[in-house]
Amino acid sequence: MSMAELPPLIIRKTIIRVPIIQGGMGIGLSSYTLAGAVASEGGMGVLSSAALDRIVSDRHGRKMNHREAAAQDVIDAKNISNDGPIGMNIMVAVMNTYEDSVLGSMDGGVDAIISGAGLPMALPEIVKLHPRADEVALIPIVSSGRATEVIFKRWSRSGRLPDALVVEGPLAGGHIAWREQEQAEDPANKLENLLKEVLEVCKSWNLNIPVIAAGGVYTYEDIKHYIQLGCSGVQMGTRFLATHESGANNEYKQLLVDCQEDDIELANKPGSPCGMLFRVLKQSPFYQDALNFARAPKCDKGYLLNKGNCSAKNENDKAFCICNGLLASIKLAPNEKNLYTVGQTAYRIKKIMSVKDLMNELKTATILISNKLMIAPIEMPV
Ligand SMILES: Cc1cc2nc3c(=O)[nH]c(=O)nc-3n(C[C@H](O)[C@H](O)[C@H](O)COP(=O)(O)O)c2cc1C
């Protein structure tokens, strides 16, 4: 059997030398510095479009609208990416700026749009409005075979099917697809089972596109495991959050190092106004206030407003204002406390490292030979 390194991940026209996508992390956590560094190390760096008008205007010291800011963020990441690929994560739930996020990222030269937190039904139609439509890979995030089927049916009417799929399981950071804790813990919803469902749907549509595993991927061995299950790559968030280059502040990063497994909770009642479970560090001051109903309901940012409504606007018993909590964590919401979201593997983080060291670790097998730990380059059967 001949041996080779981890195979590259090819999505539409984009070649990702190391089959690792750094997941988009809003608000401001998958910053241009993080995405640029990951792309420069051979992975795909992914920005988050959430609240980019505020973030990029603040960084550049001039007021930009959302479309201009999305374009500028891509340009800033590309400037440090050594020609490596840059994607934009655009959440369906952030409705008011969805179209501007798509078109602005395309103005900036983005290589891929990755879209979840809802089903990105309108994405191919919006992309068609842009002259770069053919250049950009479209990658929905799904968590079931059913959602995959719904997207394929809807997109086929637009004449464009997805270029790849991210399948996100219940261990991921940020929002996850389920509304109740029991559903997230149901063995039927384990990532391996979701992948099987999604791969079957792709097969039934005769669609040979890369399927990418996300949620709880932590080591080289994990990457190898999912590739052996039929995936073409992985998407990872939490490990990249704990790098020098991420947009998380020092307190956030220190909590990642210090936290224990039972510090990580799925916020529900009260939870995110999106209605999906939202994984948090229970030490987050904003979350503690939400649990004690200590913060008066208020939504003055409007990113999640749907026809003027956000469930956190007038009541605080079911939902809390994640926009203000997440913006506070990047110092863009004065007078608000910090809210920290993490993946379930956060308790395994023991130190903050550079993207270069992390990518080297993930590309490298750790093997035991005669009870000695050896580091060896990745070797995969081909
Ligand atoms: C801090 C944090 C914020 C996240 N924010 C988003 C987001 O804004 N949009 C999104 O689609 N996914 C988001 N995610 C999910 C990641 O893109 C990725 O799929 C997930 O983290 C993979 O699981 P892992 O954290 O176990 O590696 C977030 C994850 C983390 C850890």
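**Group meeting talk: a ligand shell, two domains and some strands**

Okay, let's start at the ligand. Three elements each supply at least two residues of the shell around the ligand: strand 6 (86-91), strand 12 (233-236) and helix 10 (238-241). Keep in mind that what you're looking at is a predicted model.

So which residues come nearest to the ligand? Out of the 30 residues around it, those are Gly 23, Gly 173, Gly 174, Gly 237 and Gly 343. If you sort the shell by type, you get 13 nonpolar residues, 16 polar ones and one charged. And the shell isn't built from one domain: domain 1 (3-248) and domain 2 (250-346) each put in at least three residues.

That brings me to the domains. The protein splits into domain 1, residues 3-248, and domain 2, residues 250-346. Taken over C-alpha atoms, their centres are 22 Å apart. How many residues of each domain are in contact with the other? It's 33 from domain 1 and 27 from domain 2. On the domain 1 side, the elements giving two or more residues are helix 2 (52-60), strand 10, helix 7 (181-185) and helix 10. Helix 2 has the largest share there, with three residues. By type, that side of domain 1 has 18 nonpolar residues, 12 polar and three charged. Notice helix 10 again, by the way: it's on this list, and it also supplies residues to the ligand shell.

Next, have a look at helix 4. Why do we call it largely enclosed by the rest of the structure? Because seven of its 10 residues, in the run 98-107, are buried. The buried ones are Tyr 98, Asp 100, Ser 101, Val 102, Gly 104, Ser 105 and Met 106. And what's covering them? The cover includes helix 3 (66-79), strand 6, strand 7 (112-116) and helix 5 (123-127). Strand 6 turns up here as well as in the shell around the ligand. After helix 4 comes Gly 109, and its phi is positive, near 95°.

Now some strands. In a regular strand, side chains alternate between the two faces of the sheet. Strand 11, residues 211-214, shows you that: Val 211 and Ala 213 point one way, Ile 212 and Ala 214 point the other way, and all are buried. What does strand 11 pair with? With strand 9 (residues 165-168) it pairs in the parallel sense, over four bridges, and there Val 167 sits opposite Ala 213. Strand 11 also runs parallel to strand 12, joined by three bridges. In that pair, Ile 212 has Gly 233 as its bridge partner. And yes, strand 12 is one of the elements we met at the ligand.

There's also an open sheet of three strands, with the order 10-14-13 and antiparallel pairing. Its edges are strand 10 (174-175) and strand 13 (264-267), each pairing on one side only. Strand 13 and strand 14 (residues 278-281) are antiparallel and joined by four bridges, with Ile 264 opposite Leu 281.

Last thing: how far can you trust all this? The average pLDDT is 93, and 94% of the residues score at least 70. Over residues 367-382, though, pLDDT stays under 50, and the model has 29 contacts beyond four places in sequence for that stretch. Where pLDDT is low, the predicted coordinates shouldn't be read in detail. Okay, questions?

Note on methods. Residues are numbered from 1 along each chain as its sequence is written. This is a predicted model: local features need pLDDT of at least 70, side-chain atom pairs count only at pLDDT 80 or more; totals for chains, interfaces and linings use all residues. A residue is near a molecule or strand if its C-beta atom, placed from the backbone, lies within 6 Å of it. Ala, Val, Leu, Ile, Met, Phe, Trp, Tyr, Cys and Pro count as nonpolar, Asp, Glu, Lys and Arg as charged, and the others, Gly among them, as polar. Domain bounds come from an automatic or database domain assignment. A residue is buried if 20 or more other C-beta atoms lie within 10 Å of its own, exposed if 12 or fewer, and partly exposed in between; C-beta atoms are placed from the backbone. Two residues are in contact if their C-beta atoms, placed from the backbone, lie within 7 Å. pLDDT is the predictor's confidence in each residue, from 0 to 100. Two strands pair if DSSP finds at least two bridges between them.
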